[in-house]
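Student: Got a minute to walk through this one with me? I'd like to go element by element.

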Amino acid sequence: MSDCIFCKIVDGSIPSTKVYEDDKILAFKDLNPQAPVHTLIVPKQHICCADQITADNCEIVGYIFSKIPEIAKSLGLENGYRIVNNCGEDGCQSVKHLHFHLLGGKKLAENMA
Ligand code: AMP
Ligand code: ZN
């Protein structure tokens, strides 16, 4: 997607601070961190949001979650963390490329909404 900022981060035309990368996914620091550790994990393929996950493309979601323990450990999140996905208008999704927020580095607020 030519107008998608996370596709541009994936292809390197927009810089990011990379935390983890392989052939399928990229993790990079959020520009506006909301916790001491705030990393975004994205599939390299463009999927707009959680609402567009199907039987055909859901494998990447499992793959991301299979890598989260390794990414979290590399970030020092031994005491736990939170994974957040915002979807659509009511979910306040601002970037329309599927991403998971990995938040931690302190005791997070209990309030989720
Ligand atoms: P969401 O509101 O769930 O769509 O989250 C989008 C996130 O992307 C926000 O936390 C932004 O701070 C973050 N963000 C936007 N542009 C960039 C960028 N160029 N590099 C890193 N993070 C970004
Ligand atoms: Zn994209």
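Tutor: Sure. One term up front: buried means under 20% relative accessible area. And keep in mind that this is a predicted model.

Student: OK. Which residues of H2 are buried?

Tutor: Ile60, Val61, Ile64, Lys67, Ile68, Ile71 and Ala72. Note that a lysine, Lys67, is in that set.

Student: What do the buried residues of H2 pack against?

Tutor: Strands. They pack against E1 (18-21), E2 (25-29), E3 (37-43), E4 (82-84) and E5 (100-104).

Student: How far apart are the end C-alpha atoms of H2, and what span should its 16 residues give?

Tutor: H2 covers residues 59-74. At 1.5 Å a residue it should span 22 Å, and the end C-alpha atoms are 23 Å apart, which agrees.

Student: Where does the kink in H2 lie?

Tutor: At Ile68, shortly before the proline Pro69. The kink is about 35 degrees.

Student: And what follows H2?

Tutor: Gly76. Its phi is positive, near 80 degrees.

Student: Switching to the sheet. What's the strand order?

Tutor: E1-E2-E3-E5-E4, in an open sheet of five strands. The pairing is antiparallel.

Student: Which strands stand at the edges?

Tutor: E1 and E4. Each has a single partner strand, so one side of each is left without a neighbour in the sheet. The twist from one strand to the next averages 20 degrees.

Student: Take E1 and E2. How many bridges join them?

Tutor: Three, with the strands running antiparallel. The two form a hairpin, with three residues between them. Within that pair, Tyr20 stands opposite Ala27 in E2.

Student: And how many bridges for E2 and E3?

Tutor: Five, again in the antiparallel sense. Phe28 stands opposite Leu40 in E3.

Student: Why call E2 largely enclosed?

Tutor: Because four of its five residues are buried.

Student: Other end of the sheet: what stands opposite Val84?

Tutor: His101 in E5. E4 and E5 pair over three bridges, in the antiparallel sense.

Student: Now the inside. Which residues of the largest nonpolar core touch the most other members?

Tutor: Ile25, Ile41, Ile60, Ile64, Ile71 and Leu102. That core has 16 residues. E2, E3, H2 and E5 each supply at least two of them. The largest share, six residues, comes from H2.

Student: Which other core is there?

Tutor: One of ten residues, lying apart from the largest core. Its members include Cys4, Leu26, Phe28 and Leu40. Two of those names came up earlier: Phe28 stands opposite Leu40 across the E2 and E3 pairing.

Student: Back to Ile64. What is it in contact with?

Tutor: Leaving aside neighbours within four places in sequence, Ile64 contacts Ile25, Ile41, Val42, Pro43 and Phe100.

Student: And Ile71, buried or exposed?

Tutor: Buried. Its relative accessible area is 1%, and since the cut-off is under 20%, Ile71 qualifies as buried.

Student: What does Ile71 touch?

Tutor: Val19, Tyr20, Ala27, Ile41 and Leu102, not counting residues up to four places away in sequence. Among these, Tyr20 and Ala27 stand opposite each other in the E1 and E2 pairing.

Student: Last one. How far is Ile71 from Ile14?

Tutor: They are 57 residues apart in sequence and 22 Å apart in space, C-alpha to C-alpha.

Key: Residues numbered from 1 in each chain as written. Chains lettered and ligands numbered in written order. Predicted model: local features only at pLDDT ≥ 70, side-chain atom pairs only at ≥ 80, totals over all residues. Heavy atoms only, no water. Expected span 1.5 Å × (residues − 1). Bend = angle between axes of the 7 residues up to and from the residue. Buried < 20%, exposed > 50% of the residue type's maximum accessible area, 1.4 Å probe, protein only. Contact = heavy atoms within 4.5 Å. Pairing = 2+ DSSP bridges. Axes fitted to C-alpha atoms, helices over the stretch in contact; angles between N-to-C directions. Core = buried A, V, L, I, M, F, W, Y, C linked by side-chain atoms within 4.5 Å.
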